[in-house]
Amino acid sequence: MSTDKPVVLLAEELSPATIEALGPDFEIRHADGADRSQLLPAIADVDAILVRSATQLDAEAIAAAKRLKVIARAGVGLDNVDIKAATQAGVMVVNAPTSNVVSAAELTCGHILSLARNIPAANASLKGGEWKRSKYAGTELLDKTLGVIGLGRIGALVAARMQAFEMNVVAFDPYVTSARAAQLGVKLVTLDELLVQSDFITIHMPKTPETVGMLGADAFEKMKSTAYVVNVARGGLVDEDALTKALEAGKIAGAGIDVFEKEPSTNLPFFDNQNVVVTPHLGASTDEAQEKAGISVAKSVRLALAGELVPDAVNVAGGVIAPDVRPGIPLIEKLGRIFTALSHEPVTQIDVEVAGEIASLDVKSLELAALKGVFTDIVSDKVSYVNAPVLAEQRGVAVRLLTTTDAEDYRNVLTIRGLLSDGSQVSVAGTLTGPKQVQKLVGINGYDLEIPISEHLVVMTYTDRPGVIGTIGHILGMNGVNIAGMQVARAEEAGEAMALLTVDSKIPSTVLETVKSEIGATAVREIDLED
């Protein structure tokens with residue numbers, strides 16, 4: 001019998017604690033989300049759906065859900081949710097970004113111990129009727145060096161746990177300050193230094209075009225022949241072909257792999273190597289992680305359907321936010337990503353400045369959105385409005401929200417200004433103009449600009465002189481890159497100038513290097529804001 005309560009569909013098996021966290025204010029229904037013939041009719045009139053990884057919420061499913069307001073993924077990954085289709089349909093997508101951090105860290109430590117003492121191979125041998133103690137002699141972790149690539153939440157947890165074994169821990173993370181590393185008892189080094197020094201290497205980076213294949217042939221060449229590599233983070237961070245060749249050639253001693261370029265993977269070439277330990281993506285597969293995930297997304301569903309600010313929304317801010325403030329949320333999130341792209345050192349302080357009419361309103365959501373943008377492209381965790389301040393605190397980044405009702409040239413201006421660890425500053429400013437609220441960049445590092453924000457931006461600084469603009473246009477044109485918009489700003493004649501370009505597609509790095517060389521640029525940064 002139908003009720004007036006919002007309807008929540010549980011499309012996969014979730015813990016009793018999840019249902020308890022939802023409370024009595026909803027009509028709870030169940031369906032097998034992996035069965036499309038059940039899912040599509042079941043989703044038609046529900047307000048929220050809770051899933052794990054088996055339910056595919058693609059454009060077809062989202063279109064069939066006429067009343068859907070929230071998709072909640074009880075876990076971290078969102079590969080089974082079409083976020084763009086959900087956003088276009090006005091459906092909020094939430095997940096549980098911190099639910100598995102302890103489980104993933106502990107599995108990483110388990111792989112390290114298994115590799116050091118040959119536990120899986122020795123177990124299989126003994127159960128197979130063999131007693132071969134000498135064959136499975138291992139190595140102590142005491143005084144060995146652990147290299148952690150990516151010192152975010154999980155990387156920091158791994159470092160702390162392995163320090164209990166009296167390992168020396170070094171780390172590479174371009175977005176963590178040396179002061180934060182020192183708090184963790186970790187020494188920051190370059191990636192090359194880490195590869196050369198480490199006995200065990202574990203990677204905890206986000207999966208981006210820059211990090212895919214990060215541990216490949218070149219990296220394996222630099223490692224000790226006695227080194228072990230562990231990946232419990234994202235499939236593809238370790239180049240699987242290069243790993244196979246490195247193991248076969250004895251370039252490294254072994255590997256522990258939980259995630260793969262294509263999943264499921266059950267018969268990759270390196271599986272036959274006795275010094276390789278593999279697990280079927282078990283990073284979040286603990287009872288505790290699953291329960292935490294279910295409770296977390298249940299709370300998010302309650303908030304979303306009540307119209308409150310949703311901590312773990314990945315596509316829509318949600319919450320009770322003034323109508324005049326809400327359009328600034330996606331703008332300042334993009335400004336945060338641009339800020340990060342322009343930063344050449346770790347940030348130690350961030351000021352979020354709100355100037356203009358909206359400054360008299362509650363603009364705390366703009367601070368959260370700015371931090372979400374700043375950290376989106378640099379941490380492996382899914383960044384949300386609630387964990388962004390935590391990420392800043394973990395990295396020793398001081399954050400201030402500054403407001404003023406005075407805005408000289410625009411109705412409202414949003415600025416992110418940051419102090420970097422080398423003492424330099426980076427600032428980006430933006431505004432919304434016209435009835436369509438067009439997002440525009442209006443300032444970078446003190447240069448006054450005004451150009452619509454696009455998915456592909458290029459920022460160049462160089463000495464002002466005749467012919468530079470023509471050279472830029474010629475090189476890009478010869479390489480099939482179309483310039484959608486361009487603006488040049490300068491502090492003084494014949495001084496330093498800045499060119500800001502919006503282009504229709506990504507520019508190959510070799511082309512950017514050519515432009516930099518030909519115009520004698522001091523800096524060229526490409527900024528990719530594609531989702």
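**Exercise 1. The cores**

Task: In this predicted model, which residues of the largest nonpolar core touch the most other members, and which helix gives the most to this core?

Solution.
Step 1. The largest nonpolar core has 47 residues, and I332, L335, L366, F375, L441 and I444 touch the most other members.
Step 2. Helix α13 (residues 328–342) gives the most to this core, with seven residues.
Step 3. Now take L441. Leaving out residues up to four places away in sequence, L441 touches ten listed residues' worth of neighbours, including L335, I338, L457 and L500.
Step 4. There is also a second, separate core of 31 residues, and L195, M205, L243 and L268 are among them.
Step 5. A general rule fits here: in soluble globular proteins, nonpolar side chains tend to be buried together.**Exercise 2. Helix α14**

Task: What span should helix α14 (residues 364–376) have, and how many of its residues are buried?

Solution.
Step 1. Helix α14 has 13 residues.
Step 2. At 1.5 Å a residue, α14 should span 18 Å.
Step 3. The end C-alpha atoms of α14 are 18 Å apart, which agrees.
Step 4. Now check the cover. Eleven of the 13 residues of α14 are buried.
Step 5. Among them are S365, E367 and K372, as well as L366, L368 and F375.
Step 6. L366 and F375 also belong to the core residues that touch the most other members.

**Exercise 3. Strand β6 and its partners**

Task: Are the faces of β6 covered or open, and which strands pair with β6?

Solution.
Step 1. Strand β6 covers residues 145–149, and five of its five residues are buried.
Step 2. In a regular strand the side chains alternate between the two faces of the sheet.
Step 3. On one side of β6 lie T145, G147 and I149; on the other lie L146 and V148. Both faces are covered.
Step 4. Five bridges join β6 to β7 (residues 168–172), and the two run parallel.
Step 5. The chain goes from β6 through helix α7 (residues 153–163) to β7, in a right-handed β-α-β crossover.
Step 6. β6 also runs parallel to β9 (residues 200–203), with four bridges.
Step 7. V148 shows both pairings: it stands opposite A171 in β7, and its bridge partner in β9 is T202.

**Exercise 4. The open sheet**

Task: What is the strand order of the open sheet of seven strands, and which strands stand at the edges?

Solution.
Step 1. The order is β8-β7-β6-β9-β10-β11-β12, with parallel pairing.
Step 2. β8 (187–188) and β12 (276–278) each have a single partner strand, so one side of each is left without a neighbour in the sheet. These two are the edges.
Step 3. Look at the β12 end. Three bridges join β11 (residues 254–257) to β12.
Step 4. I257 has V278 as its bridge partner in β12.

**Exercise 5. Strand β19**

Task: Do the partners of β19 run parallel or antiparallel to it?

Solution.
Step 1. Strand β19 (residues 456–463) is mostly covered, with seven of its eight residues buried.
Step 2. β19 and β22 (residues 523–528) pair in the antiparallel sense over six bridges. V458 stands opposite E526 there.
Step 3. β19 and β21 (residues 496–503) also run antiparallel, joined by seven bridges. V459 stands opposite L500 in β21.

**Exercise 6. D47**

Task: Is D47 buried or exposed, and which polar contact does its side chain make with R67?

Solution.
Step 1. D47 lies in the loop between α2 (36–42) and β3 (48–51).
Step 2. The cut-off for buried is under 20% relative accessible area. D47 has 6% relative accessibility, so D47 counts as buried.
Step 3. The side chain of D47 makes a polar contact with the side chain of R67 (2.7 Å).
Step 4. A polar atom of the D47 side chain also lies 2.8 Å from the backbone nitrogen of V7.

Definitions and conventions: Residues are numbered from 1 along each chain as its sequence is written. This is a predicted model: local features need pLDDT of at least 70, side-chain atom pairs count only at pLDDT 80 or more; totals for chains, interfaces and linings use all residues. Side-chain values use heavy atoms; hydrogens and water are left out. Buried means under 20% relative accessible area, exposed over 50%, partly exposed in between (1.4 Å probe, protein chains only). Two strands pair if DSSP finds at least two bridges between them. A crossover is right-handed if, with the strands pointing away from the viewer, the path from the first strand over the helix to the second runs clockwise. The expected span of a helix is 1.5 Å times one less than its number of residues. A nonpolar core is a set of buried Ala, Val, Leu, Ile, Met, Phe, Trp, Tyr and Cys residues joined through side-chain atoms within 4.5 Å. Contact means heavy atoms within 4.5 Å. A polar contact is a pair of N or O atoms within 3.5 Å; within protein, one must be able to donate a hydrogen and the other to accept it, and residues adjacent in sequence count only if both atoms are side-chain atoms.
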